[in-house]
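The report below goes through one protein model, from its overall surface and dimensions to a strand and a single side chain. Please keep the sequence and the structure in view while reading.

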Amino acid sequence: MKYLIIIMAILGFLAYCEMSSLRRRIAKLEEAQVKAKGSPAYEERIVMVELARSYIGDKVKIEQKEDYLDSDILSYGNSKHGSITILDVDNDWIKVVIKTPKGEKTKLLRLSGIERISRLKEAE
């Protein structure tokens with residue numbers, strides 16, 4: 001029984017290693033799609049950049065993709081205890097300031113890791 005557990009642990013570790021390499025390959029393919037002009041991913045990126053540029057200086061809500069989650073954004077940025085303000089945007093990065101009860105943090109976020117950006121209403 002002891003050897004069966006060891007074998008299963010080794011197989012589980014090998015499966016984990018294979019999945020992590022698959023994630024890297026998928027991320028590379030997605031970036032290649034974004035760089036290919038005329039592809040839907042390229043058009044989505046352009047729309048996201050224009051939207052983010054229109055929100056510079058405004059408080060926003062940012063929803064991130066699963067692999068790019070940031071603890072400060074989850075804990076403070078999208079809650080009533082803090083806020084996120086966009087400072088600058090280029091084609092690959094968004095510079096934000098996250099206000100927390102303890103102070104402010106300036107961060108760079110990958111545009112590829114952002115699922116959605118929406119402007120917060122003044123009442124919130």
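How much area does the protein expose, and what share of it do carbon and sulfur atoms supply? The exposed area is about 9,200 Å², and carbon and sulfur atoms supply 57% of it, where areas come from the Shrake-Rupley method with a 1.4 Å probe and, for residues, only the protein chains shown count as cover.

The model is predicted, and local features need pLDDT of at least 70, side-chain atom pairs count only at pLDDT 80 or more, and totals for chains, interfaces and linings use all residues. Residues are numbered from 1 along each chain as its sequence is written, and side-chain values use heavy atoms, with hydrogens and water left out.

**Overall form**

The protein has three helices and five strands, which follow one another from the N terminus as α-α-β-α-β-β-β-β; helices (H or I, at least four residues) and strands (E, at least two) are DSSP runs, numbered from the N terminus. Its radius of gyration, taken over C-alpha atoms, is 19 Å, whereas a compact globule of 124 residues would have a value near 14 Å by the rule of 2.2 Å times the number of residues to the power 0.38. The C-alpha atoms fill a box of roughly 60 × 45 × 20 Å along the principal axes. Of the 124 residues, 27% count as buried, meaning under 20% relative accessible area with a 1.4 Å probe and protein chains only.

**Strand S1 and its partners**

Strand S1 covers residues 59–64, and its side chains alternate: Val60, Ile62 and Gln64 point to one face and are buried, while Lys59, Lys61 and Glu63 point to the other and are not buried. Such alternation between the two faces of the sheet is what a regular strand shows in general. S1 pairs with two strands, where pairing requires that DSSP finds at least two bridges.

| Partner of S1 | Bridges and direction | Residue facing Val60 |
|---|---|---|
| S2 (residues 83–89) | two bridges, antiparallel | Ile84 |
| S5 (residues 114–119) | five bridges, antiparallel | Arg119 |

**A buried arginine**

Arg45 lies in helix H2, which spans residues 40–54. Why does Arg45 count as buried? Arg45 counts as buried because its relative accessibility is 11%. Leaving aside residues up to four places away in sequence, Arg45 touches Glu31, Val34, Asn91, Asp92, Leu111 and Ser112, a contact being heavy atoms within 4.5 Å.

Technical notes. Buried < 20%, exposed > 50% of the residue type's maximum accessible area, 1.4 Å probe, protein only.
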